[in-house]
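The following exercises concern charged side chains and the nonpolar core. Please work through each task before reading its solution.

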Amino acid sequence: QVQLVESGGGLVQAGGSLRLSCAISGSSFSDNAMAWFRQAPGKQREWVGYITRDGYTKYLDSVKGRFTISRDNAENTVYLQMNSLKSDDTAVYYCALRDRNSQKPWIYSDYASYTYWGQGTQVTVSS
């Protein structure tokens, strides 16, 4: 059974930093693409960025240059380093894994492309 567990969320002032972690179990983590999404109150879930099994990354324009996704295949963990946080970054952040055997079309920003999800971690940025 594949499980994703996020941690590292919290309350931070605007301009501050947080690092989110997503620990994966039950999957051959190194073979899979991983993504981060977020959902603010009253809004749809929004893709933040993704990292391929080879370490290629791509980001939402509004977080480019401030957020960095990395992965530690030995530790089965993916990270989201968030710097220069803004109040607009306030949301529940989710990590997601795309199973390498998935038959769904690969659209990196589409939540339907991902197979497993974590429970989410709250990030609140105070202005």
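A salt bridge is a side-chain nitrogen of Lys or Arg within 4 Å of a carboxyl oxygen of Asp or Glu. The model examined here is predicted.

**Exercise 1.** Determine which parts of the chain the salt bridge between R66 and D89 ties together.

*Solution.* The side chains of R66 and D89 meet at 2.8 Å, N to O, a separation that satisfies the 4 Å limit. R66 lies in the loop between strand 6 (57-59) and strand 7, whereas D89 lies in the loop between strand 8 and strand 9, so the pair ties together parts that are 23 residues apart in sequence. Both residues, R66 and D89, are buried.

**Exercise 2.** Describe the surroundings of the R38 side chain, beginning with its salt bridge to E46.

*Solution.* R38 belongs to strand 4 (residues 33-39). Its side chain forms a salt bridge with that of E46 (2.8 Å, N to O). R38 counts as buried because its relative accessibility is 6%, under the cut-off of 20%; E46, at 32%, is partly exposed. The R38 side chain also makes polar contacts with the side chains of D89 (3.0 Å) and Y93 (3.0 Å).

**Exercise 3.** Identify the residues that touch the most other members of the largest nonpolar core, and the strand that gives the most to this core.

*Solution.* The core has 34 residues, of which M34, W36, V78, M82 and Y93 touch the most other members. Strand 9 gives the most, with five residues. Y93, one of these highly connected members, is also the polar-contact partner of R38 named in Exercise 2.

Definitions and conventions:
Residues numbered from 1 in each chain as written. Predicted model: local features only at pLDDT ≥ 70, side-chain atom pairs only at ≥ 80, totals over all residues. Heavy atoms only, no water. Helix = DSSP H or I, 4+ residues; strand = E, 2+ residues; numbered from the N terminus. Buried < 20%, exposed > 50% of the residue type's maximum accessible area, 1.4 Å probe, protein only. Polar contact = N/O pair within 3.5 Å; in protein donor to acceptor, adjacent residues only side chain to side chain. Core = buried A, V, L, I, M, F, W, Y, C linked by side-chain atoms within 4.5 Å.
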